[in-house]
Amino acid sequence: MRYGIFSDVHSNIAALDSVLQAYASEQIDMFFCVGDIVGYGAEPEECLARLRGLPVIAIAGNHDRAVAGRIKTAAFTPDAREAVSWTADRLDLDSLEFLGGLRLVYSDTPLTLVHGTLNDPADFYYLSDASSAADTFALLQTQLCFVGHTHVAGVYSRDGDGRIAAEHAGSLTLREGARYIVNVGSVGQPRDHDPRAAYCVFDTVQNKVEIKRVAYDVESARRAIREAGLPGFLGDRLLEGR
Ligand code: ZN
């Protein structure tokens, strides 16, 4: 099987469409979305419609839950909080129920999905160092765990001897007996100083995980954010991928 795994679309339809166009030449059997379909960007309904048209299993991110009214936004930045209420005001009941109904964790051999970490997934911690990776590895029941949330792609591995290492997040051939946590980066708001949209392909026959990038019309996403009256910084940051 070839799986297309992506995360953190954040209501950026130009980025999502470019990613789906790139996936069109990848012979994808099934998609997985690791959360934060909405929030920050100006096209939540468009992104939800596109996602729901795919053969996809999606899980909840913190923004999805906040827009659906299932978590408080006290821990959000002021810009993020403004985007959450802007988004909630624009979505219809069906979309809000869809977001509110997304589960926190999905797990079925050979993969698990969680937006933040497997420990307390409803608290949306960032998996951003070896120690947080160790906590998630301790709970992981499958060979691979795909995460998002940081908007920075990266891979941690744990070999049979328990040693945890950071791997190069490009093209990775899986080693027998090793487990992996793969942060697939962000479609709609990358924060690694590369403005291109990130997406992942997992081939279960070749035992290979690849994280790829595709350019999209960043300016149109930025313009849509400005025209919607959302905080300008949310558009400006897309230009630099920060
Ligand atoms: Zn996010």
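The paragraphs below lead through this predicted model, from its two sheets to the zinc site, a buried leucine and the salt bridges.

One sheet is built from six strands in the order β3-β2-β1-β11-β12-β9, and this sheet is open, with mixed pairing. Its edges are formed by β3 (56-58) and β9 (171-173), each of which pairs on one side only. With direction ignored, neighbouring strands of this sheet are turned by 20° against each other on average. Within the sheet, strand β11 (residues 197-203) and β1 run antiparallel and are joined by four bridges, and Y3 stands opposite F202 in β11. Helix α1 packs on this sheet, where it touches β1, β2, β11 and β12 (208-214), and the direction of α1 makes about 30° with that of β11.

Another open sheet, also made of six strands with mixed pairing, has the order β4-β5-β6-β10-β7-β8. Here β4 (105-108) and β8 (164-167) stand at the edges with a single partner strand each, so that one side of each of them is left without a neighbour in the sheet. Neighbouring strands of this sheet are turned by 15° against each other on average, again with direction ignored. Strand β5 (residues 111-114) pairs with β6 in the parallel sense over three bridges, and L113 stands opposite F146 in β6. Helix α6 (residues 130-139) lies across β6, β7, β8 and β10 (179-183), and runs at about 60° to β7.

The zinc ion has four protein donors, namely D8 (OD), H10 (NE2), D36 (OD) and H151 (NE2), which lie 2.0 to 2.4 Å from the ion. Along the chain, these donors follow the spacing D-x1-H-x25-D-x114-H. Two of them link distant parts of the chain, since D36 belongs to the loop between β2 (30-33) and α2, whereas H151 belongs to the loop between β6 (144-147) and β7 (154-158), 115 residues apart. Both of these residues are withdrawn from the surface: D36 is buried because its relative accessible area is 1%, and H151 is buried because its relative accessible area is 2%, the limit for this class being under 20%. What geometry do the four donor atoms give the site of the zinc ion? The angles among the donor atoms run from 84 to 176°, and the site is irregular. For comparison, the ideal angle for four tetrahedral donors at a metal is 109.5 degrees.

Helix α2 (residues 44-52) contains L51, a residue that counts as buried because its relative accessibility is 1%. Beyond its neighbours up to four places away in sequence, L51 touches F6, C33, I37, V56, A58 and F98. The C-alpha atom of L51 is separated by 25 Å from that of D236, a residue 185 positions away along the chain.

The count of salt bridges in the model comes to 15. In one of them, the side chains of R2 and E26 meet at 2.6 Å, N to O. R2 lies in strand β1 (residues 2-6) and E26 in the loop between α1 (13-23) and β2, so this pair ties together parts that are 24 residues apart in sequence. Are the two partners buried or exposed? R2 counts as buried because its relative accessibility is 16%, and E26 is buried too, because its relative accessible area is 8%.

Elsewhere, the side chains of R226 and D236 meet in a salt bridge of 2.9 Å, N to O. This pair links R226 in helix α7 (residues 218-227) with D236 in helix α8 (residues 232-240), 10 residues apart. R226 counts as partly exposed because its relative accessibility is 43%, and D236 is partly exposed because its relative accessible area is 22%. A further salt bridge is formed by R242 with E240, whose closest N and O atoms are 3.2 Å apart. Here R242 counts as partly exposed at 35% relative accessibility, and E240 counts as partly exposed at 45%. Finally, salt bridges that share partners join R2, E26, D203 and K212 into one network.

Note on methods. Residues numbered from 1 in each chain as written. Predicted model: local features only at pLDDT ≥ 70, side-chain atom pairs only at ≥ 80, totals over all residues. Heavy atoms only, no water. Helix = DSSP H or I, 4+ residues; strand = E, 2+ residues; numbered from the N terminus. Buried < 20%, exposed > 50% of the residue type's maximum accessible area, 1.4 Å probe, protein only. Contact = heavy atoms within 4.5 Å. Donors = N, O, S within 2.8 Å, 3.2 Å for Na, K, Ca; no water. Tetrahedral: all angles 85-135°; square planar, octahedral: opposite > 155°, others 65-115°. Pairing = 2+ DSSP bridges. Axes fitted to C-alpha atoms, helices over the stretch in contact; angles between N-to-C directions. Salt bridge = Lys/Arg side-chain N within 4 Å of Asp/Glu carboxyl O.
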